[in-house]
Amino acid sequence: KDSVRQVMVMGSPHFIMNMISSVQMSLFNNQLARFGSNTSISIMGVIMSFNMIWLMPVIGLSQGLQPIVGYNYGAKQFHRVRKALLMAISAATLMCSSFFIFIELFPELVFAMFTSDLQSNMVKEGAEAVLQFSLMLPIVGYVIIAGNYFQFTGRPKVSLTLTLVRQVVFLIPALLLLPRFFGLSGVWYAMPASDAGAFLMTTWFFVRELKNLKK
């Protein structure tokens, strides 16, 4: 029973994050329908599908990091933990930055993967939307890896807190407030606003952890 309870506690951040994602998408669609149109909802579908292309490698990197960090943390080889962690963050940041550059240079190609009509309104509106939505993409890999690190080292409460901060504390208020001032653009800017807030919160925990590992 103790082992099962520990497994459930350790896995709770991902469980809650997936549950919250469903709520997020409902709220996104409602705001897009309110301040935009059916085309805006279709654009969101394309953006979320494209996001999986860069998100899956980052998640895979995070999962590959877990046994390395967990083993060395338990063995008190903290210099190895620190080295592996920084390498993973560097790799995740490089991947996210590469996709960010691609989006900045060729936003229309994001939609070319999903539609053959490159002259449609969805492509024209979507090109601007994906630029706004992905504004903070270079820092997202760091936020994901650093947040999961606390789960890997037996501190699911910290990991869950960082997850809730990004997915609930910052994103939901941004989705509710920004469209009132910026209209449809406010819906697209909600995600980068949330990522920026999560970056600050994650960095506060992460810098303290790096100092402890160094000691």
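Which element of the protein chain has the lowest mean pLDDT, and which the highest? Helix α1 (residues 2-35) sits at the bottom with 83, and α3 at the top with 94. Here pLDDT is the predictor's confidence in each residue, from 0 to 100, and helices are DSSP runs of H or I, at least four residues, numbered from the N terminus. Chain-wide, the mean is 88, with 98% of residues at 70 or more.

A word on the ground rules: this is a predicted model, where local features need pLDDT of at least 70, side-chain atom pairs count only at 80 or more, and totals for chains, interfaces and linings use all residues. Residues are numbered from 1 along each chain as its sequence is written, and side-chain values use heavy atoms, leaving out hydrogens and water.

Now for Ser 134, in the loop between α5 and α6. With a relative accessible area of 5%, Ser 134 is buried (under 20% relative accessible area, 1.4 Å probe, protein chains only). Beyond its neighbours within four places in sequence, Ser 134 is in contact with Phe 100 and Ile 103 (heavy atoms within 4.5 Å).

The elements on either side of that loop:

| Helix | Residues |
|---|---|
| α5 | 121-133 |
| α6 | 137-152 |

As for α6, 15 of its 16 residues are buried, so this helix is largely enclosed by the rest of the structure. After α6 comes Gly 154, with a positive phi near 80 degrees.

Elsewhere, Phe 78, Val 81, Arg 82, Leu 85, Leu 86 and Ile 89 of α3 meet Phe 206, Leu 210, Leu 213 and Lys 214 of α8.

Definitions and conventions:
Helices (H or I, at least four residues) and strands (E, at least two) are DSSP runs, numbered from the N terminus. Buried means under 20% relative accessible area, exposed over 50%, partly exposed in between (1.4 Å probe, protein chains only).
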